[in-house]
Amino acid sequence: MTDISDFDAPKPPAWFGAVIPLILVLLASGFYWFITTDKENGESVDTLNRKIKLSGRLSPGQTYYVFASEVEVYPTNLKNESWDQGKKGPDIRYRLFWKGNAVFESITKDDSLIADWSGLSIELNWKDLLGKSVSSDDAIKAGRIRFEKGEKIEIAVEDVDVASDDDVGRHEIEMDELSVGKNEFKLKKTETSAIRRITLRVLPVGSNIEDLANIMK
Amino acid sequence: MNVTRFLIACSSLLLGLGLIGPTLTIFPKAGDLTWFIKIIAPEELEVSTYSILGVIQKLFQTNDIFLAMILAMFSVFSPVLKLSFYWHASGLKDSNKFNSTLQIIHYVGKFSMAEVFALALIIVTIKSFPGGSTANLEWGAYLFTFSVICSMFVSFRLDSRKG
């Protein structure tokens, strides 16, 4: 039978006490983390739900801004004649169709074989200085579409003239082919289309300003 | 428990809360374009609050490993190490061991105020941003400061024992 008293019990090493401050720091941090963790978890779930894919293929059900940042046309029109009888280049405008409806019409770019548009612009008048508010739909110059597999969008390019507008061509795009960001389509001249190149930009609705600016570059 | 150890315990608890509690709140502004950014991307102007550990985590996530390590070393490991040495020293009875431990404490202590310097630097940087962005200290920063003050009292008490 052994008889160990408190005096004989093995003593912890001298450095053992040094761990106590570390334990207290962890306890205090852990306590704060414990009482706030439910709230933070709720927030992080919300953030995940709102997370938007900023690259790659489009996500079904997500709404996107779509606009053509550049459209290039062949030097001659559908009849193989110079645009505007050789006096000037074509005045290019495009319309975007989704589900058979025009969902966006661009402003006209005068005398251009390569027309470009920015997806972001604000036209301010004097009256705007008197407190008129500007909505994001006014600021973003693009069509809004919702991606569903197997659907198509169509871009119709026109040469705007005073007398009558001439068709430059139409191009149908499978939405499955589109990616977030820049999408370029090089086209051959046909009897019904004189479009040489279309650069289409696709931006997810709800992304932040930095991401939008990067995708628009 | 003696007064010195009580102060070390207080300092440790305050440090733990100071590290994880909100330390810095940033109020972003975009100058004359603030109204426009509020329309197009209001989340960019959302007020954000960070803790010291949160900043370190964010730096790791953004691959700023060097900065994350520096901040972690100066604001987490060094103060904890200093408090551990204080606790150890407060229980020493051998004057030689006590003096050598105190020397190590003074060496480690040189690094543990760097976090306050880093906070000051962040605030000055944010306040100098164009667009009127501002940053405010939150209660986590004050707890951290009180932790430092507590540890200073510990240091004074240990120094007086040395004499």
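Buried here means a relative accessible area under 20%, exposed means over 50%, and partly exposed covers what lies in between. With that cut-off in hand, and remembering that this is a predicted model, begin the tour by selecting A:Phe104, which counts as buried because its relative accessibility is 15%.

**First stop: the aromatic residues of chain A**

Keep A:Phe104 on display and add A:Tyr94, whose relative accessible area is 1%, so that this residue is buried. The ring centres of A:Tyr94 and A:Phe104 are 5.8 Å apart and their planes stand at 55°, so the pair is tilted. If you colour by secondary structure, you will find A:Tyr94 in strand β2 (residues 92–98) and A:Phe104 in strand β3 (residues 101–105) of chain A, so the pair ties together parts that are 10 residues apart in sequence. Now add A:Trp117 to the selection, since A:Tyr94, A:Phe104 and A:Trp117 form one aromatic cluster.

**Second stop: an aromatic contact between the chains**

Over all chains the structure holds 4 aromatic pairs, and one of them is made by A:Tyr32 and B:Trp139, which meet edge-to-face with 5.4 Å from centre to centre and 70° between the planes. This pair joins two chains, because A:Tyr32 lies in helix α1 (residues 19–49) of chain A and B:Trp139 in helix α7 (residues 139–162) of chain B. A:Tyr32 counts as buried at 14% relative accessibility, whereas B:Trp139 counts as partly exposed at 37%.

**Third stop: the nonpolar patch on chain B**

Stay with B:Trp139 and show the surface around it, selecting also B:Leu137, B:Tyr142, B:Phe146, B:Ile149, B:Met152, B:Phe153 and B:Phe156; together with B:Trp139, these residues make a nonpolar surface patch of about 800 Å². Helix α7 of chain B contributes the largest share of this patch, with 7 residues. Among the members to pick out individually is B:Phe146, which is found in helix α7 of chain B and is partly exposed, with a relative accessible area of 47%.

**Fourth stop: charged residues of chain A**

Return to chain A and select A:Arg170, the charged end of which sits over the ring of A:Phe97, 4.9 Å from the ring centre. A:Arg170 also forms a salt bridge with A:Glu154, in which the closest N and O atoms are 2.7 Å apart. Because A:Glu154 lies in strand β6 and A:Arg170 in strand β7 of chain A, the pair ties together parts that are 16 residues apart in sequence. A:Arg170 itself counts as partly exposed, at 43% relative accessibility.

Next, select A:Asp165 and A:Arg93, whose side chains meet in a salt bridge with an N to O distance of 3.0 Å. The two residues link distant parts of the chain, 72 residues apart, with A:Asp165 in the loop between β6 (152–159) and β7 (166–174) and A:Arg93 in strand β2 of chain A. A:Asp165 is partly exposed, with a relative accessible area of 37%, while A:Arg93 counts as buried at 14%.

**Last stop: strands β8 and β9**

Finish with A:Arg197 and A:Glu184, which form a salt bridge with their closest N and O atoms 3.4 Å apart. A:Arg197 is in strand β9 (residues 195–204) and A:Glu184 in strand β8 (residues 181–186) of chain A, so that the pair links parts of the chain 13 residues apart. A:Arg197 is buried, with a relative accessible area of 13%, and A:Glu184 counts as partly exposed at 39%.

Conventions:
Residues are numbered from 1 along each chain as its sequence is written. Chains are lettered from A and ligands numbered from 1 in the order in which they are written. This is a predicted model: local features need pLDDT of at least 70, side-chain atom pairs count only at pLDDT 80 or more; totals for chains, interfaces and linings use all residues. Side-chain values use heavy atoms; hydrogens and water are left out. Rings of Phe, Tyr and Trp (its six-membered ring) pair if their centres lie within 6.5 Å; planes under 30 degrees apart count as stacked, over 60 as edge-to-face and the rest as tilted. Helices (H or I, at least four residues) and strands (E, at least two) are DSSP runs, numbered from the N terminus. Buried means under 20% relative accessible area, exposed over 50%, partly exposed in between (1.4 Å probe, protein chains only). A charge sits over a ring if NZ of Lys or CZ of Arg is within 6 Å of the ring centre and within 35 degrees of the ring normal. Patches are made of residues with over 30% relative accessible area and no salt bridge: like charges are joined within 9 Å, nonpolar side chains (Val, Leu, Ile, Met, Phe, Trp, Tyr) within 5 Å. Accessible areas come from the Shrake-Rupley method with a 1.4 Å probe; for residues, only the protein chains shown count as cover. A salt bridge is a side-chain nitrogen of Lys or Arg within 4 Å of a carboxyl oxygen of Asp or Glu.
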